[in-house]
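Let's take a walk through this fold together. Have a look at it first, then we can go through it piece by piece.

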Amino acid sequence: FGANVCGYSKFTSSVHTVSKFEEKIKRAEADASEDNDDIDNIRREFDAAKRSFLEIPEALKAMPKTNPEGIYVNRGLRLDLIQVYGFDYDFTLAHYSANLQSLIYDLAKEHMVKEFKYPEVCMSFKYDPSFPIRGLYYDREHGCLLKLDFFGSIEEEGCFYGRHQLSEEEIVEIYGTRHIGRDQARRLVGLMDFFCFSEACLIADMVQYFVDAKLEFDACYIYEDVNNAIQHVHQSGLMHRGILSDPHRYLVKNGQLLRFLRMLKEKGKKLFLLTNSPYYFVDGGMQFMLEDSTGNSGSWKELFDVVIAKANKPGFYTSEHPFRCYDTEKDTLAFTKVDTFLKNKIYYHGSLKSFLQITKWKGPEVIYFGDHLFSDLRGPSKAGWRTAAIIHELEDEIRIQNEDRYRFEQAKFHILQELLGRLHAVIPSSKRSEAYKLLMGELNEERQKARSMMKRMFNTSFGATFLTDKGQESAFAYHIHQYADVYTSKPENFLFFSPETWLHAPCDIKIMPHHVKIPSSLFKTSRCSSMP
């Protein structure tokens, strides 16, 4: 009896084992069928999306356009509380033509050849306006120009060694990963001001020369030499004299600026000019820009309560240098102490501490306009002033974003991104079939096409200034968030707003206020409405 029980137990145990095995097979088959259903569903949606990509939906065409001359708000600003308006000069009050970058580039390369003994062949280099954008970083160790995103990662197609665009594999070989760590970040220098276009181009051209000539070089020396040459062009007055010798070529006349400044004065606001440029350059430029509007071209100084030149920003915000009164006739500095600011007088040097002591103007009632996020706006922001970033590229970028063809590609990109995300989510990595791999490859290919199309609309090398190719904010946009309460393309855009306006930051944005995300639902709505 005992033997029979034992045999029965073995028999029932084997039956249970077979049953469990069969259940596992059935579950696996069911899971596989479910996975295939998910892939088939996503495939059908992808095919339907591709059909909808053949034409731009009417709903997309009907979407409102963003104002290229708008004021975009990071932190709410009550203009009725602002009593004092301060301005930088270069690229803030002064509008320059595209010819200026070529002038800076040519003067700097000439200095490098004549003074730093770079090869004579470098004199043949030409500035390429299609190559650089504002907000790039230069790696002084590896010699690469980088475009970083909001989180400090290198954009996939945003790394150049000379004029050679590095592949993702080459980027990983140099940096180990696309993310720039804290130690690596110390080697980077930001190219943020109006010199950055010619500087970035000249750095890349010099690196490329050494690579092509198969000459050894230290990437840090290239940066130091280019930067010193650019600084020489500015500080020596070469650029200033070049601009004033042919103002029609380099400066843009601007009657709207005068209207804006006069409107502020009529509203009882105080105005000051704070610039690193010398007085003769500012005076010559302002006279030229406003001569058709003022009647008396010398009257621009009457618009300002205080004019400070050669301020040495950003040192101005932290130093304790005294102000000196500048004699415009004799080109000399007075030795008497400055303890009050007089109208129609010009002051040199100085510091924020002395400025506030003399004017008694309180931080929150002052707004300062400037184009350089670090030199112009970081100091005032920390001192409690309100800040307005002037970004001239903003107008062109918004106009591109307003175009149907850009919005079309952006919506395509978002649809493909959603489908890729769902495909990753529903299929575990251990169960990825050939059908999965095929669909994944097709989705990635279409997404890359849309991304490349959007990038080329802005800049063929680095894409948009404010966004990465994936629609994330760039590192430059991050700094605007940090140091600018508001940003716009030029100061006179404030003419569209009363000085009593409250400027509110939008509460429903994930990226910059001027950027509109085109919802993928526009295509879905279009597909649904076209179905019988």
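What follows goes from the sheet to the cores and ends with a group of aspartates.

A little housekeeping: this is a predicted model, where local features need pLDDT of at least 70, side-chain atom pairs count only at pLDDT 80 or more, and totals for chains, interfaces and linings use all residues. Residues are numbered from 1 along each chain as its sequence is written, and side-chain values use heavy atoms, with hydrogens and water left out.

Start with the sheet. Ten strands make up an open sheet with mixed pairing, running β1-β16-β15-β14-β3-β9-β10-β13-β11-β12. Strands here are DSSP E runs of at least two residues, helices are H or I runs of at least four, and both are numbered from the N terminus; two strands count as paired if DSSP finds at least two bridges between them. β1 (72-73) and β12 sit at the edges with a single partner strand each, so one side of each has no neighbour in the sheet. At the β1 edge, two bridges tie that strand to β16 (residues 486-488) in antiparallel fashion, with Val73 opposite Val486. Helix α10 (residues 255-266) packs on the sheet, where it touches β3 and β9 (270-274), and its direction makes about 155° with that of β3. For that angle, axes are lines fitted to C-alpha atoms, for helices over the stretch in contact, and angles run from 0 to 180 degrees between N-to-C directions.

Now to the β12 edge. β11 pairs antiparallel with β12 (residues 332-333) over two bridges, and Asp327 faces Thr332 there. Their hairpin has four residues between the strands, and Asp331 takes a positive phi near 60°. β11 (residues 323-327) is also joined to β13 (residues 346-349), again antiparallel, by four bridges; Tyr326 has Ile346 as its bridge partner in β13.

What about the interior? The largest nonpolar core holds 88 residues, and Phe87, Tyr89, Leu100 and Phe304 touch the most other members. Such a core is a set of buried Ala, Val, Leu, Ile, Met, Phe, Trp, Tyr and Cys residues joined through side-chain atoms within 4.5 Å, where buried means under 20% relative accessible area, exposed over 50%, and partly exposed in between (1.4 Å probe, protein chains only). Helix α6 (residues 196-212) gives the most to this core, eleven residues. Domain 2 (81-95 + 251-390) and domain 3 (98-245) each supply at least three residues, with bounds taken from an automatic or database domain assignment. A second, separate core has 47 residues, among them Val84, Cys159, Leu274 and Val306.

Finally, the aspartates. An unreviewed UniProt entry annotates Asp88 and Asp90 as "active site"; UniProt positions follow the numbering used here, feature names are shortened, and annotations may be inferred rather than shown by experiment. Asp88 is in the loop between β3 (84-87) and α3 (99-114), and Asp90 lies in the loop between β3 and α3 too. Asp88 is buried at 6% relative accessible area, and Asp90 is buried at 4%. Asp371 comes from the loop between β14 (366-370) and α13 (373-383), and its 3% relative accessibility makes it buried. Leaving aside neighbours within four places in sequence, Asp371 is in contact (heavy atoms within 4.5 Å) with residues including Asp88, Asp90, Arg134 and Asp193.
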